[in-house]
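Please work through the following exercises with the sequence and the coordinates open beside you. Each task is followed by a solution that proceeds step by step.

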Amino acid sequence: MKPVFQMLALAIVLSTTAAGESKAAGAPVYIAVDGAFSLRYSTSAQSIEKGVRAAAHEINAAGGVLGGRPLQVITTDNRSMPARGIQNIRDLAAKKDLVAVVSGRFTPVVIETLPHLHDLKLINLAAWSSGDPVVEHGRKPNYVFRLSLRDSLAMPKMLSHARAKGIRRVGLLLTNTSWGRSNEAAAHRYLSAHTDITTVGTVWANWRDKTLIGYYNRLREQGAEAIVLVANDDEAAVLIKEMAALPPAARVPVLSHWGVTGGNFIALAGPALHEIDFTIIQTVSFFKFRKDKVEKFLRTVKPLFGISKIEEIDAPVGIAHAYDLTHILARAINLAGTTDRERVRDALEQVRNYDGLIKNFPRPFTPERHEALSSDDLLLARYNRAGVLVPSD
């Protein structure tokens, strides 16, 4: 295995090549992406990296940061393993002029790195992980800034959708991780405040379980009229295939968290997906963005990644979140006037009037609020026959 800093150096070279034309020529300022790049079927880490690189390309073409310094991208692979994520954070924090790390999909990895991020005063830009404790961890000052979904918003959105469809009894099928437990807590908070809907029970699936139909049947036998699913792409695909093998009358609707969109879910589930009423929560959809913003974004990503239309974007939330987060970070760096991470952290709370790809952010973050998105930003989506995730509401 190559030493970590040898891999970092390679990533820097690659990012410089990918950046193309740049008006910035000073000493680089670094931003890292730590994700599960080598995880089989992963699209989330790759999507987040594309968002960061696209924004860095635009920032550098406009002159970089701090009066002419290019923003360069480093990638590290945590393999979805908390121990690897912790080591990556330690290594990255030691690099001169590295300002922030953009984290990936897996909430358990991010949560385990939190003590180290704060001890090392390394800014974390959460572009995907939705567990409430990623931001709500009680540490002050808080070095985590999230532009993404969080479970305390996801569960109410999914359960409200169930209520609107007349569903009154749901079963919770959750992954046995801190992400699953975050969702369980959010679900019970919602259900305690809405007495016209209840849960028949909760079952816990382990990562890469080979079968989930037993969990599903248990909930349905207990009276579940719908399943609220918190799982990643591989487990969800197993469930979809097993449900599709049941008689149509035995298939209840599935309301899914967005972990399924961070891998090769379409290929894994196959045609069975279209035999199931399967709805997924999202924060954003390129189909709902302003036309001029989408056109500008595509002009950037086409020469970098060969993406010429929004239907070709894998894991769209990752690329959109990371793109806007990187632009916000650049503004904070300039506002701070330095790469000192403490001062950039403070400046992130003061950035104003960023008109982003996702929306206009009058103030993305404040000292009291490190969440850039709200319940108003959520939507529900489905995969169409072409495998494209499109809004369903």
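The exercises below concern a predicted model, and they treat helices, a sheet and the nonpolar cores in turn.

**Exercise 1. Check the length of helix α10 against the expected span, and describe what surrounds the helix.**

Solution. Step one is the arithmetic: the expected span is 1.5 Å times one less than the number of residues, so the 15 residues of α10, 291–305, should cover 21 Å, and the separation of 20 Å between the end C-alpha atoms agrees with this. Step two is burial, where the residues to list are Lys293, Val294, Phe297, Leu298, Thr300 and Val301; the elements that cover them include α2 (44–61), α11 (316–336) and β11 (354–355). Step three looks past the end of the helix, where Gly306 follows with a positive phi near 75 degrees.

**Exercise 2. Determine how α2 and α10 pack, and which residues make the contact.**

Solution. Begin with the geometry: the two helices pack at an angle of about 105 degrees, and their axes are 10 Å apart. Angles of 65 to 115 degrees count as roughly perpendicular, and α2 is therefore roughly perpendicular to α10. Then assign the contact, to which α2 contributes Lys50, Arg53, Ala54, His57 and Glu58, while α10 contributes Lys296, Phe297, Thr300, Val301, Leu304 and Phe305.

**Exercise 3. Trace the open sheet of 7 strands, and find which strands stand at its edges.**

Solution. First write down the order, which is β7-β6-β8-β9-β10-β13-β14, with mixed pairing. Next consider the edges: β7 (198–205) and β14 (389–391) each have a single partner strand, so one side of each is left without a neighbour in the sheet. Neighbouring strands are turned against each other by 30 degrees on average, with direction ignored. For one pair in detail, take β8 (residues 226–230) and β9 (residues 254–256), which run parallel and are joined by 3 bridges; Val228 stands opposite Leu255 in β9. Finally, add the helix α6 (residues 178–193), which lies across β6 (169–175), β7 and β8 and runs at about 175 degrees to β7.

**Exercise 4. Is α8 mostly covered or mostly uncovered, and where does Asp234 fit in?**

Solution. Start with the length: α8 has 12 residues and reaches 16 Å from its first C-alpha to its last, close to the 16 Å expected. The count of buried residues is 9 of 12, and the helix is thus mostly covered; the buried ones are Asp233, Glu235, Ala236, Ala237, Leu239, Ile240, Glu242, Met243 and Ala244. Their cover includes β6, α7 (213–221), β8, β9, α9 (265–269) and β10 (278–282). Asp234 belongs to this helix, which spans residues 233–244, and, residues up to four places away in sequence not being counted, Asp234 touches Trp207, Arg208 and Leu268. The C-alpha atoms of Asp234 and Ala269 are separated by 8.4 Å, although these positions lie 35 residues apart along the chain as a sequence separation.

**Exercise 5. Describe the largest nonpolar core and the surroundings of Phe265.**

Solution. The largest core has 119 residues, and those with the most contacts inside it are Leu125, Leu173, Phe265, Phe278 and Phe286. Its largest share, 12 residues, comes from α11. Turning to Phe265, and leaving aside neighbours within four places in sequence, its contacts are Asp233, Ala236, Ala237, Ile240, Val260, Gly270, Leu273, Phe278 and Tyr383. Another core, of 16 residues, lies apart from the largest one and has Leu92, Leu98, Leu117 and Ala126 among its members.

Conventions. Residues are numbered from 1 along each chain as its sequence is written. This is a predicted model: local features need pLDDT of at least 70, side-chain atom pairs count only at pLDDT 80 or more; totals for chains, interfaces and linings use all residues. Side-chain values use heavy atoms; hydrogens and water are left out. Helices (H or I, at least four residues) and strands (E, at least two) are DSSP runs, numbered from the N terminus. Buried means under 20% relative accessible area, exposed over 50%, partly exposed in between (1.4 Å probe, protein chains only). Contact means heavy atoms within 4.5 Å. A nonpolar core is a set of buried Ala, Val, Leu, Ile, Met, Phe, Trp, Tyr and Cys residues joined through side-chain atoms within 4.5 Å. Two strands pair if DSSP finds at least two bridges between them. Axes are lines fitted to C-alpha atoms, for helices over the stretch in contact, and angles run from 0 to 180 degrees between N-to-C directions. Angles under 35 degrees count as roughly parallel, over 145 as roughly antiparallel, 65 to 115 as roughly perpendicular and the rest as oblique.
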